Amino acid sequence: MKTLIKNARIVGKDYIFNGCILMKNGVIAQVCEAPQLLIQEDTQVIDAQGNYVCAGFIDIHTHGAGGSDYMDGTVHCMIEASKMHLRHGTTSIYPTTLTSTMEELFQTLDNFQQAKQAMRGECNLLGLHLEGPYFSMEQRGAQDPRYIKNPDENEYRRIVEYAGDSIARWSVAPELLGAIQMGDYLVKNNILPSIGHSNAEYSDVLHAYHHGYTHVTHLYSGMSTITRKGGFRHLGVIESAYAIEDLTVEIIADGCHLPPELLRMVYRFKGADKVCLVTDSMRCAGQATAKSIVGSLSNGQEVLIEDGVAKLMDRSAFASSIATADRLVRVMYKEAKVDLCDCITMMTLTPAKVMNIDAQKGSIACGKDADIVIFDENIEVKKVIVGGKIVSDSSDDLDS
């Protein structure tokens with residue numbers, strides 16, 4: 001079965017062009033800068049009607065959506081959270097844990113493998129992102145302080161060995177005792193070490209970078225900034241992310257965690273090739289509610305939902321985002337005034353490169369997986385395609 005998308009405004013890395021896309025056997029077979037290809041009898045046709053078409057969004061940091069958290073303890077909740085993100089254009093997801101008990105973590109590892117199989121052909125669950133428990137207590141944010149600790153070699157080895165190939169990334173505070181050795185171990189096991197919830201200074205970050213910590217988890221959130229000691233200024237993680245050119249970063253582009261002006265500044269300094277957009281979303285992403293729970297229902301923390309973001313109950317800090325991927329692109333494009341091609345790159349190709357899956361995903365190119373999103377001028381998602389098949393459809397009139 002072949003599927004053709006015609007009358008599309010295809011969003012490439014550097015420019016947008018009118019054309020069509022032919023998909024066959026789950027991959028992109030042809031991309032044509034022309035109104036349409038020759039339509040054969042056995043071809044399903046989707047008329048994009050002049051809407052934008054791009055590669056499927058890739059979210060490398062999300063805790064949940066649609067009323068479910070990835071740590072709720074059931075396969076069903078993992079699937080429900082993924083389906084909500086899918087409807088908003090996210091075709092590839094890296095479910096993210098929070099600092100928790102070991103029992104909850106191992107249950108999540110078990111559930112992930114089952115959910116991955118159950119979602120095959122509908123949504124790509126590509127690997128887990130473990131966020132914690134090896135964090136700075138001073139930069140813990142909404143992470144539960146009961147479980148924060150220094151890296152324990154016996155513990156993290158046991159987790160990795162149990163997980164098999166389920167873990168794709170692990171966020172750690174690199175200044176902690178044992179974190180550098182952990183970085184070396186993660187790299188050997190094809191797991192990306194990422195700097196997160198850290199109170200490190202520049203020397204710590206540079207040392208960590210040379211031991212595999214090449215990415216920074218939610219820049220500006222849960223990390224140190226410049227300080228003065230004896231009159232001398234010392235760079236924190238934030239400034240180090242700019243100073244070390246090859247460090248990639250991710251930003252929660254919901255317009256709340258970082259204002260549009262700061263989002264644009266990160267983009268200008270690091271460039272679209274070094275910035276990933278992430279939701280860091282909690283369970284109520286995609287829902288309308290006044291209160292919710294960050295983390296699992298049994299051990300999570302209650303939070304307020306107001307002003308488009310989740311807050312701690314005393315309103316002293318943000319707890320998590322309630323964004324979906326389309327909102328991130330919309331904020332970057334409409335509010336931060338970033339070129340649409342670069343907005344899409346930060347939501348597709350750059351995260352694909354960071355997670356080393358860009359040979360298969362992240363852009364509209366022949367031979368890549370046919371994971372595709374169709375959206376309008378307001379970045380409202382109309383259709384979502386995974387492996388060449390429509391898996392979410394909010395606009396039936398786009399069919400030929």
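Select helix H9 first: its buried residues are Leu340, Cys341, Asp342, Cys343, Ile344, Thr345, Met346 and Met347. The model on screen is a predicted one. H9 covers residues 340-347, and 8 of its 8 residues are buried, so the helix is mostly covered. Now add Asp339 to the selection. At the start of H9, one of its side-chain oxygens comes to within 3.0 Å of the backbone nitrogen of Cys341.

**Helix H8**

Step back along the chain to residues 325-335, which form helix H8. This helix is mostly covered as well, with 8 of its 11 residues buried. The buried set consists of Ala325, Asp326, Arg327, Leu328, Val329, Arg330, Val331 and Met332. After H8 comes Lys337, which has a positive phi, near 60°. Keep Met332 selected for the next stop.

**The nonpolar cores**

The largest nonpolar core contains 82 residues. Which residues have the most contacts inside it? They are Ile159, Ile167, Trp170, Ile251 and Met332. A second core, separate from that one, has 16 residues, including Phe17, Ile46, Val53 and Ile372. In soluble globular proteins, nonpolar side chains tend to be buried together.

**Strands S11 and S12**

Select residues 167-172, strand S12. Because 6 of its 6 residues are buried, S12 is largely enclosed by the rest of the structure. Show strand S11 (residues 128-131) beside it: the two run parallel and are joined by 4 bridges. To check the register, pick His129, whose bridge partner in S12 is Arg169.

**Leu192**

From Arg169, move to Leu192, with which Arg169 is in contact. Leu192 lies in strand S13, residues 192-195. Is Leu192 buried or exposed? Its relative accessibility is 13%, so it counts as buried. Beyond its neighbours within four places in sequence, the contacts of Leu192 include Ala168 and Trp170, along with Gly212, Thr214, Val354 and Met355. His215 is also a contact of Leu192. The C-alpha atoms of Leu192 and His215 are 8.0 Å apart, and 23 residues separate the two in sequence.

**The sheet S6-S9-S10**

Next, display the open sheet of 3 strands, ordered S6-S9-S10 and paired in parallel. Its edges are strand S6 (57-62) and strand S10 (124-125), each pairing on one side only. Strand S9, residues 90-95, pairs with S10 over 2 bridges in the parallel sense. Within that pairing, Ile93 stands opposite Leu125 of S10.

**Lys361**

Select Lys361, in the loop between helix H10 (349-354) and strand S23 (372-375). Why does this lysine count as buried? Its relative accessible area is 9%, and the cut-off for buried is under 20%. Show the side chains of Asp369 and Asp371. The Lys361 side chain makes a polar contact of 2.8 Å with the side chain of Asp369, and another of 2.7 Å with that of Asp371. Leaving aside neighbours within four places in sequence, Lys361 also touches Ile58, Ser92, Asn124 and Leu126, as well as Leu349, Ala352 and Lys368.

**Phe375**

Follow the chain into strand S23 and stop at Phe375. Phe375 has 0% relative accessibility and therefore counts as buried. Now find Tyr52. In sequence, Phe375 and Tyr52 are 323 residues apart, yet from C-alpha to C-alpha they are 5.3 Å apart in space. Besides Tyr52, the contacts of Phe375 outside its neighbours within four places in sequence include Val11, Asn51 and Cys54. Glu380, Val381 and Lys382 are also among them. So is Ile344, which was among the buried residues of H9.

**Whole chain**

Finish by zooming out. The chain has 10 helices and 25 strands. Its C-alpha trace spans about 70 × 45 × 45 Å along the principal axes. The radius of gyration is 21 Å, which agrees with the value near 21 Å for a compact globule of 400 residues. Buried residues make up 59% of the chain. Among contacts with a separation of 6 or more, 66% are between residues 24 or more positions apart. Color the surface by element: about 15,700 Å² is exposed, and carbon and sulfur atoms supply 47% of it.

Terms used. Residues are numbered from 1 along each chain as its sequence is written. This is a predicted model: local features need pLDDT of at least 70, side-chain atom pairs count only at pLDDT 80 or more; totals for chains, interfaces and linings use all residues. Side-chain values use heavy atoms; hydrogens and water are left out. Buried means under 20% relative accessible area, exposed over 50%, partly exposed in between (1.4 Å probe, protein chains only). A polar contact is a pair of N or O atoms within 3.5 Å; within protein, one must be able to donate a hydrogen and the other to accept it, and residues adjacent in sequence count only if both atoms are side-chain atoms. Contact means heavy atoms within 4.5 Å. A nonpolar core is a set of buried Ala, Val, Leu, Ile, Met, Phe, Trp, Tyr and Cys residues joined through side-chain atoms within 4.5 Å. The radius of gyration is taken over C-alpha atoms; the globule rule is 2.2 Å times the number of residues to the power 0.38. Accessible areas come from the Shrake-Rupley method with a 1.4 Å probe; for residues, only the protein chains shown count as cover. Two strands pair if DSSP finds at least two bridges between them.
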